[in-house]
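User: I am new to this structure and would like to understand the terms used to describe it. Please explain each one as we go.

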Amino acid sequence: MSKLHLVFGGRVADPQGVEFIDPANLDVVGVFPDFKSAETAWRSAAQRTVDDATMKYVVVHLHRLLQPDS
């Protein structure tokens with residue numbers, strides 16, 4: 001199984017948290033086959049909004065959700 005990673009972002013209630021204000025309007029950057037490519041996409045998306053403290057992009061390790069015991 002490949003180690004899939006999801007990169008998405010949106011406006012958050014608190015810049016230190018992950019409570020997204022409007023989940024229906026998240027910016028889904030994409031699903032990536034490895035962490036390195038996901039991190040590159042995350043950095044690119046986050047850099048575009050670096051001056052907006054309420055915008056946050058994250059990398060989700062989908063492979064950990066699909067196989068939590070591995």
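User: With which side chain does the side chain of His 5 make a polar contact, and at what distance?

Analyst: This is a predicted model, and in it the side chain of His 5 makes a polar contact with the side chain of His 61, at 3.2 Å. A polar contact requires N or O atoms within 3.5 Å, and the value of 3.2 Å meets that cut-off.

User: Is His 5 buried or exposed, and how do you know that?

Analyst: The relative accessible area of His 5 is 2%. Buried means under 20%, so His 5 counts as buried. His 5 has its place in strand E1. Beyond its neighbours within four places in sequence, it is in contact with residues including Gly 30, Phe 35, Ala 38, Val 59 and His 63.

User: What makes His 63 count as buried?

Analyst: His 63 has 14% relative accessibility; the limit for buried is under 20%, and His 63 therefore falls in that class. His 63 is found in helix H2, residues 62-66. Setting aside neighbours within four places in sequence, its contacts are Ser 2, Lys 3, Leu 4 and His 5.

User: Which elements does the chain contain, and in what order do they run?

Analyst: The chain has two helices and three strands. Starting at the N terminus, the order is β-β-α-β-α.

User: How are the three strands arranged in the sheet?

Analyst: They form an open sheet in the order E2-E1-E3, with antiparallel pairing. On average, neighbouring strands of this sheet are turned by 15° against each other, direction ignored.

User: Why are strands E2 and E3 called edge strands?

Analyst: Strand E2 (27-32) and strand E3 each pair on one side only, and these are the edge strands.

User: How do you know that E1 pairs with E2 and with E3?

Analyst: Two strands pair if at least two bridges are found between them. Five bridges join E1 to E2, and seven join E1 to E3, so both cases satisfy the criterion. Between E1 and E2, Val 7 has Gly 30 as its bridge partner, and Phe 8 has Val 28. On the E3 side, Leu 6 stands opposite Val 60.

User: What packs on the sheet?

Analyst: Helix H1 packs on the sheet and touches E1, E2 and E3. The direction of H1 makes about 170° with that of E3.

User: What makes E1 a mostly covered strand?

Analyst: Six of the seven residues of E1 are buried. For the chain as a whole, 27% of the 70 residues count as buried.

User: Which residues make up the largest nonpolar core, and why is it called a core?

Analyst: Its six residues are Leu 6, Phe 8, Val 12, Phe 20, Val 58 and Leu 62. A nonpolar core is a set of buried nonpolar residues joined through side-chain atoms within 4.5 Å, so this set carries the name. In soluble globular proteins, nonpolar side chains tend to be buried together. Phe 8 is in contact with Phe 20 and Val 58, among others, once neighbours within four places in sequence are left aside.

User: How many salt bridges are found, and why does the pair of Arg 11 and Asp 52 qualify as one?

Analyst: A search of the whole structure finds two salt bridges. The side chains of Arg 11 and Asp 52 meet at 2.9 Å, N to O; the cut-off is 4 Å, so the pair qualifies. Arg 11 lies in strand E1 (residues 5-11) and Asp 52 in the loop between helix H1 (35-48) and strand E3 (55-61), so the pair ties together parts that are 41 residues apart in sequence.

User: Why are Arg 11 and Asp 52 called partly exposed?

Analyst: The relative accessible area is 40% for Arg 11 and 29% for Asp 52. Partly exposed lies between the limits of 20% and 50%, so both residues belong there.

User: What separates Glu 39 from Arg 43, and why is their pairing a salt bridge?

Analyst: Glu 39 and Arg 43 are four residues apart in helix H1, and are therefore separated by about one helical turn. Their side chains meet at 3.0 Å, N to O, which is within the 4 Å cut-off, so this is a salt bridge. Glu 39 is partly exposed, with a relative accessible area of 25%.

How values were computed. Residues are numbered from 1 along each chain as its sequence is written. This is a predicted model: local features need pLDDT of at least 70, side-chain atom pairs count only at pLDDT 80 or more; totals for chains, interfaces and linings use all residues. Side-chain values use heavy atoms; hydrogens and water are left out. Buried means under 20% relative accessible area, exposed over 50%, partly exposed in between (1.4 Å probe, protein chains only). Contact means heavy atoms within 4.5 Å. Axes are lines fitted to C-alpha atoms, for helices over the stretch in contact, and angles run from 0 to 180 degrees between N-to-C directions. A polar contact is a pair of N or O atoms within 3.5 Å; within protein, one must be able to donate a hydrogen and the other to accept it, and residues adjacent in sequence count only if both atoms are side-chain atoms.
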